[in-house]
Amino acid sequence: MAAHNDYHYLHCREMAVDQRTGELRYETSSPDLPVAQIIGPKPLSRDCHSFSIEIAHPGMHSYIAIGVCNRHYPAHRQPGWKANSVGYHADDGGIYFATGSPINKFGRVGVGEMMGCSLNFQNNKLTFFRNGNAIYTSPSLSVPPGGFYPVVGLHSHGERVTLLEREPWTPNVKSVPESEDVVYHSLFCREARVSHSSGTVSYDSMSPDLPVGQFVSECPLSPICNRFSIEIAKQGQSCCISIGVCHRRYPGNRQPGWLPNSIGYHADDGGIFHGRGHPSAQGPPSQSR
């Protein structure tokens, strides 16, 4: 039986989530060392307006951050680096307000300490907390369409934090039908959205970098389950769709077959890619139904 998901998200990029404990850890093999993000499955609301984390391990640099962002916040960006986002960073204690430089600093946050975030819906002011004590309250914010989503960022190897509440990490009941009982579990779901009722995987990124979307299964292939398949519902702008296999730590922003320990079959040119950026064999391109 598949493991039960206690912690849900809209996007989880370059990060692993322990569904039993709520621990988040930086996990990427990409040479780019991208920012890891987990963005909650639903915006903050009057019923659930706050969340917090505890730092379990600072990793190499303690590039740990908590904050809010809009639904289409770009990949590879810490909370507060870009528009429609505010973030509180552990490495320098900085408050980042849609810019790459802090507007205030409140000292480095260490192991065992808690970082919290709360949005006041009466005045749209955001307050950050350190160990339960308020350290900064923003001016009234302009709330983006769809609201502010909770977000946690990590950006160096070894970093681990623990989510201290189940909310706001439970499913968005407005977008998930009550009758839905099929869940497609993933090790990584990067720049992609999965419909758990239909199994449709859609490219879902507003990042200006247009990164590769990936859906990597939670479980490896086995003698009992040794194959899988997809049907192209819509080819999009370029039909850059592929299927294949890879190792557990396959880098983000890479199609199947582009790098070693992966083989991919690509729809746009019918190419078979075997650990490099050029096809080793080629057939007719695939088309949408």
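**View 1. Phe 273 of strand S21 has a bridge partner in S22.** In this close-up of a predicted model, Phe 273 is paired with Pro 279, its bridge partner in S22. Strand S22 covers residues 279-282, and S21 pairs with S22 in the antiparallel sense over 3 bridges. The two strands make a hairpin with 4 residues between them. Look in that turn for Gly 275, which has a positive phi of about 75 degrees.

**View 2. Phe 273 also has a bridge partner in S20.** Here the partner is Gly 264. Strand S20 takes in residues 262-266, and 3 bridges join S20 to S21, with the strands running antiparallel. S20 and S21 form a hairpin too, again with 4 residues between them. Gly 270 sits in that turn and has a positive phi of about 70 degrees.

**View 3. The side chains of strand S21 alternate.** In a regular strand, side chains switch back and forth between the two faces of the sheet. Follow S21 along residues 271-274 and you can see the alternation. Which residues point to the buried side in S21? Gly 271 and Phe 273 do: they point to one face and are buried. Ile 272 and His 274 point to the other face and are not buried.

**View 4. Strands S19, S20, S21 and S22 make an open sheet.** The order is S19-S20-S21-S22, and the pairing is antiparallel. At the edges are S19 (242-246) and S22, each of which pairs on one side only. Neighbouring strands here are turned by 15 degrees against each other on average, direction ignored. S19 is joined to S20 by 5 bridges, and this pair runs antiparallel. For a landmark on that pair, find Gly 244, which stands opposite Gly 264 in S20.

**View 5. Another open sheet is built from 7 strands.** Its order reads S2-S3-S14-S5-S10-S11-S12, with antiparallel pairing. The edge strands are S2 (15-17) and S12 (133-137), and each pairs on one side only. From one strand to the next, the twist averages 25 degrees. Zoom in on S11 (residues 125-130) and you'll find 4 bridges joining S11 to S12, the two running antiparallel. Arg 130 stands opposite Asn 133 of S12.

**View 6. Val 152 sits in the largest nonpolar core.** In soluble globular proteins, nonpolar side chains tend to be buried together. The largest nonpolar core of this model has 33 residues, and Leu 24 and Val 152 are the ones with the most contacts inside it. Setting aside residues up to four places away in sequence, Val 152 touches Met 15, Leu 24, Ala 36, Gln 37, Ile 38, Phe 51, Ile 53, Ala 65, Val 161, Leu 163 and Trp 169. There is also a second, separate core of 6 residues, including Cys 69, Tyr 73, Tyr 149 and Val 151.

**View 7. Lys 42 lies in a loop.** The loop in question runs between strand S4 (36-39) and strand S5 (50-58). Is Lys 42 buried or exposed? Its relative accessibility is 16%, so Lys 42 counts as buried, given that the cut-off for buried is under 20%. The Lys 42 side chain makes a polar contact with the side chain of Glu 167, at 3.0 Å. Leaving out neighbours within four places in sequence, Lys 42 is in contact with Tyr 149, Pro 150, Glu 167, Pro 168, Thr 170, Pro 171 and Asn 172.

**View 8. Ile 103 is partly exposed in its loop.** You'll find Ile 103 between strand S8 (94-97) and strand S9 (104-105). With a relative accessible area of 43%, Ile 103 is partly exposed. What does Ile 103 touch, not counting residues up to four places away in sequence? Ile 95, Phe 97 and Tyr 136. Tyr 26, for its part, is 77 residues from Ile 103 in sequence and 26 Å from it in space, C-alpha to C-alpha.

**View 9. Phe 188 is buried in strand S15.** This strand spans residues 186-190. Phe 188 has a relative accessible area of 2%, so it counts as buried. Apart from residues up to four places away in sequence, Phe 188 touches Glu 14, Met 15, Glu 27, Gln 214, Phe 215, Val 216 and Arg 248. Phe 188 and Gln 214 are 26 residues apart along the chain, and 7.2 Å separates their C-alpha atoms.

Terms used. Residues numbered from 1 in each chain as written. Predicted model: local features only at pLDDT ≥ 70, side-chain atom pairs only at ≥ 80, totals over all residues. Heavy atoms only, no water. Pairing = 2+ DSSP bridges. Axes fitted to C-alpha atoms, helices over the stretch in contact; angles between N-to-C directions. Core = buried A, V, L, I, M, F, W, Y, C linked by side-chain atoms within 4.5 Å. Buried < 20%, exposed > 50% of the residue type's maximum accessible area, 1.4 Å probe, protein only. Contact = heavy atoms within 4.5 Å. Polar contact = N/O pair within 3.5 Å; in protein donor to acceptor, adjacent residues only side chain to side chain.
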